[in-house]
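Please open the structure in your viewer and keep the sequence beside it, since this tour moves from one selection to the next. At each stop there is something to select and a short account of what is there.

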Amino acid sequence: MTYNAQLLDGMVIFVEVVNSGSFTQAAQNSGHSTSYISKEIHKLESRLGLRLMHRTTRSLSLTPEGEAYYRQCSLIINQAEEAESALSGQQLEPKGNLRISCPTSFGLSQMPCIIAKFLDRYPLVNLDVDLNNRKVDMITEGYDILVRGAHQLDDSSLISRKVYSSHAVTIASPAYLEKYGTPVHPNELINHQTISYSYVKQPNIWQFVDEEQKPFQVPVESRLLTNNSELELILCAAGNGITRMPKFNLGDEIESGKLVQLFEEYDRHKIDIYLIYPSRKHLSSKVRCFIDFVSEALNKDG
């Protein structure tokens, strides 16, 4: 690694400006003049060869490059603070921003109560929760934790911790079954309209488990492919086809009779929920606390 004595110059002041929302407030918080803050930001941008923020007399906003740099700088500063606390024998209270990516359906069905309780217990931690179903680059996009559901995770240099287990259910509305008939075996799906989730590797191949607990696959011809499980559920309930999704996406639709579960004896394809985080030897206290908190909450509810 090439020696660079200026590598960290301006980082703390830049983060303070972003957190404060203005040069004036950052100057007051740091004990410097506004002109000093402005000069330090200008020097930082000149050294990086990038514009990090847009500044007017009334507002301050980050450029895309500034947002990425801010996330990395915040991580470095938090780790430095924790290193100093560890050396002095202090127990650092979790604080700072925690950026999380979570699947939309799981985030809406399982996480609101957990997030509310976490924020109440750790008042110095701010959460940035991005609900999405796409594949993300954890490091490049600056996430601290990914929440992901899978039958089996792909090999990765990242660390994962299983925190919840569910299984898939195949469902249809009473109106659909009355109109098209009720299939009794998954192989009959080829004769039915299906609604499939597009963000799996093979959306038109559905996985089941037979009486001997051996997995088998069934090809389907999807009338609809979508990357949104809420849309799947709405259209299924409206009688537009048979769909398949994790049980945790449902409320009381089966119990209330709004939807009918099919193939119960074959429908035990496991779906696990994992918390994924970078492979670092020492986790920050905010990341560690969130992982432990979510794991405990989901295991208690499960």
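In which helix is the place of Phe118? Select residues 112-121, which form helix 6, and Phe118 will be found among them; bear in mind throughout that this is a predicted model.

**First stop: Phe118**

With a relative accessible area of 0%, Phe118 is buried. Now add Cys289 to the selection: although Phe118 and Cys289 are 171 residues apart along the chain, their C-alpha atoms are separated by 9.0 Å. Leaving aside residues up to four places away in sequence, Phe118 touches Val125 and Leu127, and also Lys286, Cys289, Phe290 and Phe293.

**Second stop: helix 1 and helix 3**

Select residues 11-20 for helix 1 together with residues 34-48 for helix 3, and you will see two helices that pack at an angle of about 115 degrees, with their axes 9 Å apart. The crossing by which helix 1 passes helix 3 is left-handed. To display the contact itself, show the side chains of Ile13, Phe14 and Val17 on helix 1, and those of Tyr36, Ile37, Glu40, Ile41 and Leu44 on helix 3. Of the residues in this contact, seven are nonpolar, none is polar and one is charged.

**Third stop: helix 8**

Go next to residues 229-237, which make up helix 8, and highlight Ser229, Glu232, Leu233 and Cys236, which are buried. If you look down the axis of helix 8, these buried residues fall within an arc of 95 degrees, so they line one face of the helix. The general geometry helps in reading this view, because an α-helix has 3.6 residues a turn, so residues three or four places apart point the same way.

What do the buried residues of helix 8 pack against? They pack against helix 5 (104-110) and against four strands that can be selected in turn, namely strand 6 (159-172), strand 7 (194-197), strand 10 (222-226) and strand 11 (242-246).

The two ends of helix 8 also deserve a look. At its start, a side-chain oxygen of Asn228 reaches to within 2.9 Å of the backbone nitrogen of Glu230. Just after helix 8, Gly239 takes a positive phi of about 90 degrees. Ala238, in the loop between helix 8 and strand 11, counts as exposed at 57% relative accessibility. Selecting Tyr176 as well shows a pair that is 62 residues apart in sequence, with the C-alpha atoms of Ala238 and Tyr176 8.2 Å apart in space.

**Fourth stop: His167**

Return to strand 6 and select His167, which lies in this strand and counts as buried at 17% relative accessibility. Apart from residues up to four places away in sequence, the residues that His167 touches are Met245, Pro246 and Lys247, along with Asp267, Arg268, His269, Lys270 and Ile271.

**Last stop: two loop residues**

Most residues other than glycine have a negative phi, which is the background for the final two selections. Gln213, in the loop between strand 8 (205-209) and strand 9 (215-219), has a positive phi near 65 degrees, and Phe263 has a positive phi of about 55 degrees although it is not a glycine. The place of Phe263 is in the loop between strand 12 (260-262) and strand 13 (270-277).

Is each of these loop residues buried or exposed? Gln213 is exposed, with a relative accessible area of 58%, whereas Phe263 counts as buried at 4% relative accessibility.

How values were computed:
Residues are numbered from 1 along each chain as its sequence is written. This is a predicted model: local features need pLDDT of at least 70, side-chain atom pairs count only at pLDDT 80 or more; totals for chains, interfaces and linings use all residues. Side-chain values use heavy atoms; hydrogens and water are left out. Buried means under 20% relative accessible area, exposed over 50%, partly exposed in between (1.4 Å probe, protein chains only). The arc is that of the directions from the helix axis to the C-beta atoms. Contact means heavy atoms within 4.5 Å. A polar contact is a pair of N or O atoms within 3.5 Å; within protein, one must be able to donate a hydrogen and the other to accept it, and residues adjacent in sequence count only if both atoms are side-chain atoms. Axes are lines fitted to C-alpha atoms, for helices over the stretch in contact, and angles run from 0 to 180 degrees between N-to-C directions. A crossing is left-handed if the near helix is turned anticlockwise from the far one by less than a right angle, and right-handed if clockwise. Ala, Val, Leu, Ile, Met, Phe, Trp, Tyr, Cys and Pro count as nonpolar, Asp, Glu, Lys and Arg as charged, and the others, Gly among them, as polar.
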